[in-house]
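Here's a quick chat-style tour for anyone meeting this structure fresh. Have a look, then we'll go through some questions.

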Amino acid sequence: MSFLLDCPNCGPRDVNEFSCAGEVTVRPKSSPTLRELTSYIYFRRNVAGVQREWWYHRQGCEIWFQAERDTRTNEVLSTEVVEPSSRAGTPGPEGVATPDTPAV
Amino acid sequence: MRLPARPGERIDREREVSFSFGGERVRAFEGDTIASALYASGQRVFSRSFKYHRPRGLLCCSGNCPNCMMTVDGVPNVRVCAEPVREGASVWRQNVWGSLEHDLLGVTDKLGGPFTPVGFYYRTMIRPRWAWPLYEKFLRSVAGLGKLNKHATRANRYDVEHRRAEVLVIGGGRAGIESAREHSRQGKRVVLVDENPYLEIEARDFEVISPGRALGIWEGGLVPVDAGRVLYRFRAEKIVVATGTIEQPLVFPGNDLVGVMLPDGVRRLIEDWRLKPGDKAVVVTADETGREAASLLREAGVEIAAVYDLRRERLREIVGRGRGGILRGVEIDGRKLDCDLLVMSGGRQPAYSLLSQAGARVEYDAARGVFVPTDIPDGIEAVGTVTGDGIAAAVPAASYNGASGKGKCFVCVCEDVTDKDLKRAIAEGFDSIELAKRYTTVTMGPCQGRLCHVPSIRLYARENESDEASIGTTTARPPWAPVTLGLLAGRPHEPAQRTSIHHRHKELGAKMMWTGTWRRPHSYGDPEGEAQSVHASVGVIDVSTLGKMIVRGPDSAEFLERLYPNRFGDMKPMRIRYGVLNSDAGRIMDDGTIGRLDDETYYVTTTSTGAGAVLEWFEWWNAVWGMDVEIVDVTGGLAAVNVAGPRARDVMRKLTDLDLSNEGLSYLDAREAQIAGVPSLILRIGFVGELGYELHFPSPYGEHVWNSILDAGEDFGIRPFGLEPQRILRLEKMHILVGQDTDSESNVLEASMPWIAKLDKDDFVGKWSLEQVQERGLQDLLVGFEMEDGKVPLEGAQVVLEGTQPIGRITSSRWSPELRKAIGMAWVPAELAEEGKAFLVTVDGGFERATVRLRPFFDPDGEKLRS
């Protein structure tokens with residue numbers, strides 16, 4: 001991992017300055033079933049392709065933002081600070097993680 | 001020993017330099033490499049081979065092969081053919097028992113054959129099983145290349161420098177220089193790197209780093225360049241690869257004898273250092289370079305016994321003959337020729353590795369017998385012979401009668417892999433070249449396939465009755481050039497955080513310890529005495545390391561309500577509550593106190609080592625929820641001390657006008673007031689179980705406040721206490737330490753803090769998981785215990801039931817001088833978690849009885865805390 005990431009504040013910086021919190025997930029609204037809960041906590045889509053993920057500029061301006069990254073090539077298509085209006089339960093580009101394995 | 005001077009030679013005969021080799025002084029000229037100087041002094045054997053300890057001499061003289069690796073000034077595996085001489089350098093042979101000329105381990109070459117086939121460490125040295133430790137000890141002592149002095153401190157300082165270039169040119173040959181000039185004419189900032197220490201370029205418009213070895217090409221145009229003591233991490237918008245070609249050896253029995261050389265090695269000896277590479281030479285070549293070498297040799301007065309051009313005649317058999325590992329002659333298709341120099345050339349092969357790392361494909365050009373890079377990725381350009389342009393056809397045979405039994409026939413000189421080893425690997429089913437690489441270690445040695453990759457592919461093609469194109473290449477991976485670990489590590493950084501009171505602790509005789517990156521007093525020499533004085537009178541501890549945050553904004557109450565399992569919205573201003581942070585999986589992350597300063601402002605403290613993670617956590621959820629809250633980290637800006645003990649109030653009275661009565665400032669109250677003239681936030685909390693005041697104030701006043709407290713407390717016998725006494729005190733009170741008593745699996749319900757989880761709240765992070773825990777029922781609980789006979793078990797000791805398996809573990813244990821008991825905390829199954837139940841604990845190899853205690857050992861009702 002050595003690619004550059006466009007921090008919305010600081011511009012292109014070495015990826016080592018950031019920490020990645022993984023793909024964007026959707027927190028269930030209320031009282032999820034056990035299956036929904038474990039999917040949210042433990043399952044990730046883990047796509048070979050473009051995924052939306054959370055990044056934190058830990059050794060920089062300490063901002064959280066989202067990036068669209070191609071997991072195969074590490075090409076970063078876009079980065080953005082998520083606007084409050086679109087924040088609550090921001091889904092990934094292709095919706096919630098759906099586990100292939102029964103989550104019980 | 002030198003040939004007559006002539007223009008163009010590298011050496012400056014006017015300037016002498018000397019260094020030591022094996023303790024003997026060697027004279028050299030400025031411009032020599034260590035190898036050329038040693039060669040001039042008569043040295044012919046430069047190393048012993050990796051496995052068979054065969055004598056090896058100069059082969060490539062270009063820094064590619066492993067044959068001249070020595071230890072220079074304590075650094076092992078230096079290729080002395082590319083290492084300029086330095087006055088006073090200390091050079092030693094390596095990988096040898098005895099001398100280069102008489103190496104005891106050379107016996108492996110003569111007798112080891114049946115015992116050292118490919119992969120021998122998996123098969124011949126495993127029986128009898130009991131003897132393995134002996135084999136292992138022996139193998140370890142002979143394996144590896146060179147030795148590091150384990151006791152040496154950092155002899156060299158290495159640095160890492162981050163740099164940018166618009167265009168980075170790798171390779172300073174004709175094509176590289178042309179490209180650099182062209183790009184700088186276009187107004188680009190160009191940097192050119194080349195591994196050659198003698199690169200002479202007229203470069204006014206661009207920067208040259210030489211010697212500098214590009215180690216690889218990573219994503220984002222990252223090219224680390226090894227420049228000796230500095231590693232440049234280049235970010236380049238465009239990378240031009242002009243790495244040229246590498247001369248390939250021929251594979252025949254005896255092809256590793258001292259005196260067998262590649263044409264470029266011969267050329268360098270003659271042209272650069274004016275050395276005569278032999279007296280009588282035979283040349284076997286698949287391209288023009290051998291013929292060029294032959295004419296250079298003639299000029300240098302070397303007799304040419306024969307020249308074989310493989311483009312015109314096909315040879316069936318080449319066998320090098322030697323004595324003591326030194327070439328004496330060669331037998332070619334039955335013709336015996338005496339010679340002390342055999343120049344071999346298997347053609348030139350593009351050095352495409354960096355391009356391949358960057359994503360280029362590699363194709364075999366059957367007509368010319370070379371692998372060439374294609375599909376060069378964006379942002380990268382290949383120029384010169386590395387593209388395959390300008391390389392004449394040269395397709396030598398895969399090997400020349402290696403099966404004749406007339407000596408070992410090396411495909412790989414780094415790892416001593418013979419043609420027999422590769423054939424055996426094929427016979428055993430390792431039919432792909434990638435598997436062959438892993439099994440035989442061909443291409444995995446110091447040359448990284450420079451000299452053995454193509455020969456091994458050719459051999460595989462022939463043995464599998466296939467062709468080079470279908471065998472294909474192995475994956476090229478960084479580093480392309482060997483690099484010292486010290487350079488990759490860079491300068492040693494061990495960041496230490498010190499509080500503003502640090503130096504006072506040192507003066508008071510504190511024993512310092514690490515907690516995360518913080519330096520904190522373990523104690524001031526008497527942990528139990530310090531703990532006792534907190535109970536008896538009053539003590540003071542520096543808690544500046546606590547994480548501290550201000551959470552402010554109209555949504556701050558709602559924000560904390562969502563983050564913590566308990567309530568913060570209903571708190572009155574200037575009140576404090578304990579809080580435990582959970583993940584959504586219901587696991588305990590951190591704990592601390594939260595004080596409400598006004599309607600919209602909270603003061604949050606975290607554990608000392610959790611500060612960064614909690615800040616990150618808060619900021620993340622704020623980004624997710626988008627609430628109207630600002631979070632400010634004030635950890636470094638504020639110092640904090642805790643004054644605790646029955647006389648704490650008396651000490652505080654001398655420092656402030658604040659009403660300190662139990663009514664004026666009761667337990668879990670907060671106030672802002674002047675302490676010793678310093679504006680402070682006073683929190684009445686009691687981690688150590690006695691009446692206590694935690695004072696938070698601007699860091700620069702640390703020493704002043706600390707001194708004032710010690711002065712004010714003098715009459716009461718105040719003592720500073722460290723972390724260890726604090727741990728005794730909190731254990732007496734059964735206060736948990738996150739990370740010590742809990743781990744990444746612990747939740748608040750089972751960590752015996754069920755009261756903190758307000759499951760009737762609409763939502764909080766971790767709520768649903770805690771509900772699931774509730775539903776499935778509690779399994780293991782965190783409980784207190786005391787030992788019946790007073791022995792203190794180790795933290796981590798096992799909890800067992802008589803005659804059964806371990807059922808739990810001890811997380812904390814101490815001798816409590818106050819209670820005169822051995823006490824602790826442990827995870828035990830729920831059915832054991834009842835007051836007075838007994839279990840066994842492993843202590844000193846035996847078992848001792850312990851009794852479960854669910855209430856704090858000290859002041860169980862918190863009367864002292866609230867007094």
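Q: Which residues in α7(B) are buried?
A: First, this is a predicted model, where local features need pLDDT of at least 70, side-chain atom pairs count only at pLDDT 80 or more, and totals for chains, interfaces and linings use all residues. Residues are numbered from 1 along each chain as its sequence is written, and chains are lettered from A in the order in which they are written. Buried means that 20 or more other C-beta atoms, placed from the backbone, lie within 10 Å of a residue's own, and exposed means 12 or fewer. On that count, the buried ones are T289(B), G290(B), A293(B), A294(B) and L297(B).

Q: Which residues are exposed on the other side of α7(B)?
A: The buried set covers an arc of only 145° around the axis (going by directions from the helix axis to the C-beta atoms), so these residues sit on the same side of α7(B). Over on the other side, the exposed ones are S295(B), R298(B) and E299(B).

Q: What is the phi of G301(B), the residue that follows α7(B)?
A: Helix α7 of chain B (a DSSP run of H or I, at least four residues) takes in residues 288-299. After α7(B) comes G301(B), with a positive phi near 85°.

Q: How many residues of chain B are in contact with chain A?
A: Two residues are in contact if their C-beta atoms, placed from the backbone, lie within 7 Å. On the chain A side, 17 residues take part, and they meet residues of chain B numbering 17.

Notes:
Helices (H or I, at least four residues) and strands (E, at least two) are DSSP runs, numbered from the N terminus. The expected span of a helix is 1.5 Å times one less than its number of residues.
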